[in-house]
Each structure stands twice: as structure tokens, then as C-alpha cells.
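Subject: Structure handover

Hi,

Here is the structure I promised to pass on. My notes on it follow below.

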Amino acid sequence: MTPSGFVLLDKVAGETSFKALFPLKRVFCTKRVGHAGTLDLRASGLIIAAMGRATRLLPYVEAKDKCYTFRLHLGYETDTLEWDGDVVEQDSRALENGDAAVAGIDRAALEAVLPKFMGDIDQVPPKYCAVKIDGHRASDWVERGKQIELAARRIHIASLKVVGAGALTEGCTGKSFATFDLECECSKGTYIRSLGRDLARELGTFGCVSMIRRHRIGHVNLERAVKGDELTREHLVPVNEVLEFPVVRLNDEQMAAIRNGNWIPWRTPIEGLDAEGLMFAADKDGIVLSFCRYEPGRIWPKVFLAEDD
């Protein structure tokens, strides 16, 4: 039986999120793995992967807010909205002088438009993305030569700030006249590549991004993550260290009932419940064994997480 829990991975740039899971399959000798929040091929950083029955908890991880850093290149736009894609738009000012001051865009100008991208905004995903259209990813349709139009999606950006002047990233296919490093805290569904495109257009030019790195999902930080080639079985993290639902301890009889799929009576108030009443049930030693739902007077099991005897 595959153990249940989460693994915090530090994905390297250049590998797919799917490939990043290969070390888990090897170390834990199972195919029952999954992850929340796909990272682009060229992006790096935190992926929260799930093992065994904990894969059923991934939607709750996926819903968490995220924090990214990225590099914004002003002056050109590519088909993928990444710095090394095929150039589709080039600002003539970058070709003529490469001087951000002449272009009228400096750090102050960029910071002046950032408030327009704060809060709830509508964002159109990149055409090269995993959004499904008629059962296929948008990127698959584009590669087949089909013209597609993606609808805008409502996202939330809690924080967006410039953290420094960016250096030139190797492999740029267009000419930039300014480069900045930014940090963004945002909701599920936010595309950093689209954000870079839209920031540039608000400034009256074109833009693309590089060096996307995810530093946080919910309250879990990248500092806790491990590279795939360093992974061991000891890196399995209990589910309640990733998802902050309340935990209640049950005695052996109560846990046996939960394990068998039965509800148990519960009269003690549970602090910290969300609107759905979601919670974890732990055994008498504090080990979380089940994901449950509380309703007045009883606890219902949703996912039993422990290995079978």
C-alpha cells in the first residue's frame, strides 16, 4: 500500500511538472502520485506533490494562493510570452537606441501602473497553455495551426512589486530596452506570462518574461522543498502540515468507525472550521488518519488516509 502524504518538490527549469514526479514514483515504488499547480517547462520552484490517498486532497492545495518572482523584458513580445519564443512584436525604440529613458519607461513608470493590476482583474491566458478547448490543450491547437481565442478569467492579485533591475537573460530572441525583476502574490489561475504581456501593453510597449520561480503555495515555502535527485522516503510530509484544517483526536473505537466509513457523534466545539466544516481526524497519538467533514453533532469521513492493515 502506498503511504499517503505530500512531498514538497523544487522543480528545476527545463523539465515538465509531469517529469518532476518521476523521482517520487521511483522512491516510493508507485504510480499513485499527482501534483497541484502545474509549472511551465521553463519555470522553476515549488510543486506540492501527493502520494497515495492524499492525491484526493490536491484540489484543496490547488486552491491556495501562490507567490512568484519573475523577470519582465520590455521591448518585444513572443508567441509563448517567454523570452526565448518566436518574436511576434518588436518595439522600434528598442532597435533604435535600447535606452529605456528615451522610451519613456523606467522603474517609476512601471511602478505607476502596478496598482491597475491589483485586486480582482480579468486576465486572458497565453495561447500556449494547458487550458482545454474541445478536449485538447490550447497549446496543442496552436501547434496544429488553428487560430484560437481564449476567454478572460477573473483572478486576484494581492501584491505586485518591483524588486530590482533585471539582468539580460541568456537566449533572448528579441531586443529589450528595459528589464525588471518583480514579485507577485496571486490566486489560482494566474498566468505570470500573461501578466508580463499586460504590464508591457499598459506601458505602451511589448513584453515577455523569464526566470519564473514559485516560492510559496498557501503557507508552504520553497525553503522546505527538495530537489528530485535528493528525494528520500523521509521527505514525505503529513497532510496537516500542508493543509491547515483543524485536527481532532479520536479514540480507537471512534477511529475504527471512521475507518469503516461511518459517522461518529461529536458534541465538542471545533475551532477554526471553514464554511464546509472540513477537518482532519487523528488517532490518540496525534497521527492524522482521515480527512473528514463536521456537521453539528457528528463527524463524517471523506478520505481515509492511512495504509490498510
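Gly-204 comes just after helix H7 and takes a positive phi of about 80°. The model is a predicted one, so read this angle and everything below in that light.

H7 itself spans residues 192-202. Nine of its eleven residues are buried, so the helix is largely enclosed by the rest of the structure. The buried set is Ile-192, Arg-193, Ser-194, Leu-195, Gly-196, Arg-197, Asp-198, Leu-199 and Ala-200. Charged residues are in that list, including Arg-197 and Asp-198. These two form a salt bridge, with the closest N and O atoms 2.8 Å apart. Arg-197 has a relative accessible area of 9%, under the 20% cut-off, so it counts as buried.

Overall picture. The chain has 309 residues, and 52% of them count as buried. It holds eight helices and 18 strands. Take the contacts between residues at least 6 apart in sequence: 71% of them join residues at least 24 apart. The accessible surface comes to about 15,000 Å², and carbon and sulfur atoms account for 48% of it.

Cores. The largest nonpolar core has 42 residues. Phe-70, Leu-74, Leu-110, Leu-160, Leu-182, Leu-195 and Leu-199 touch the most other members. Strand E11 (residues 178-186) supplies the largest share of this core, five residues. Leu-182 has contacts beyond its sequence neighbours (up to four places away left out), among them Phe-70, Leu-110, Leu-160 and Leu-199. Another core, of 26 residues, lies apart from this one. Its members include Leu-57, Leu-58, Phe-280 and Ala-282.

Strand E1. This strand covers residues 5-11, and seven of its seven residues are buried. In a regular strand the side chains alternate between the two faces of the sheet. Here both faces are covered. Gly-5, Val-7, Leu-9 and Lys-11 are on one side, with Phe-6, Leu-8 and Asp-10 on the other. E1 pairs with strand E3 (residues 44-51) in the antiparallel sense, over seven bridges. Gly-5 has Met-51 as its bridge partner in E3.

Salt bridges. How many does a search of the whole structure find? The count is 19. Two of them are worth a look here.

- Asp-84 and Arg-42: the closest N and O atoms are 2.7 Å apart. Asp-84 lies in the loop between E5 and E6, and Arg-42 in the loop between strand E2 (33-36) and E3, so the pair ties together parts 42 residues apart in sequence. Asp-84 is partly exposed, at 27% relative accessible area. Arg-42 is partly exposed too, at 33%.
- Arg-71 and Asp-181: the closest N and O atoms are 2.8 Å apart. Arg-71 is in strand E4 (residues 66-74) and Asp-181 in strand E11, 110 residues apart. Both residues are buried.

There is also a network. Salt bridges that share partners join Asp-10, Arg-213 and Lys-227. Asp-10 is one of the buried residues of E1.

Last, Glu-82. It sits in the loop between strand E5 (76-78) and strand E6 (87-90). Is Glu-82 buried or exposed? Its relative accessible area is 7%, so it counts as buried, the cut-off being under 20%. Leaving out residues up to four places away in sequence, Glu-82 touches Asp-40, Arg-42, Arg-193, Cys-208 and Val-209. Of these, Arg-42 is the salt-bridge partner of Asp-84, and Arg-193 is among the buried residues of H7.

Best regards

Terms used:
Residues numbered from 1 in each chain as written. Predicted model: local features only at pLDDT ≥ 70, side-chain atom pairs only at ≥ 80, totals over all residues. Heavy atoms only, no water. Helix = DSSP H or I, 4+ residues; strand = E, 2+ residues; numbered from the N terminus. Buried < 20%, exposed > 50% of the residue type's maximum accessible area, 1.4 Å probe, protein only. Contact = heavy atoms within 4.5 Å. Pairing = 2+ DSSP bridges. Areas by Shrake-Rupley, 256 points an atom, 1.4 Å probe, with all protein chains shown as cover. Core = buried A, V, L, I, M, F, W, Y, C linked by side-chain atoms within 4.5 Å. Salt bridge = Lys/Arg side-chain N within 4 Å of Asp/Glu carboxyl O.
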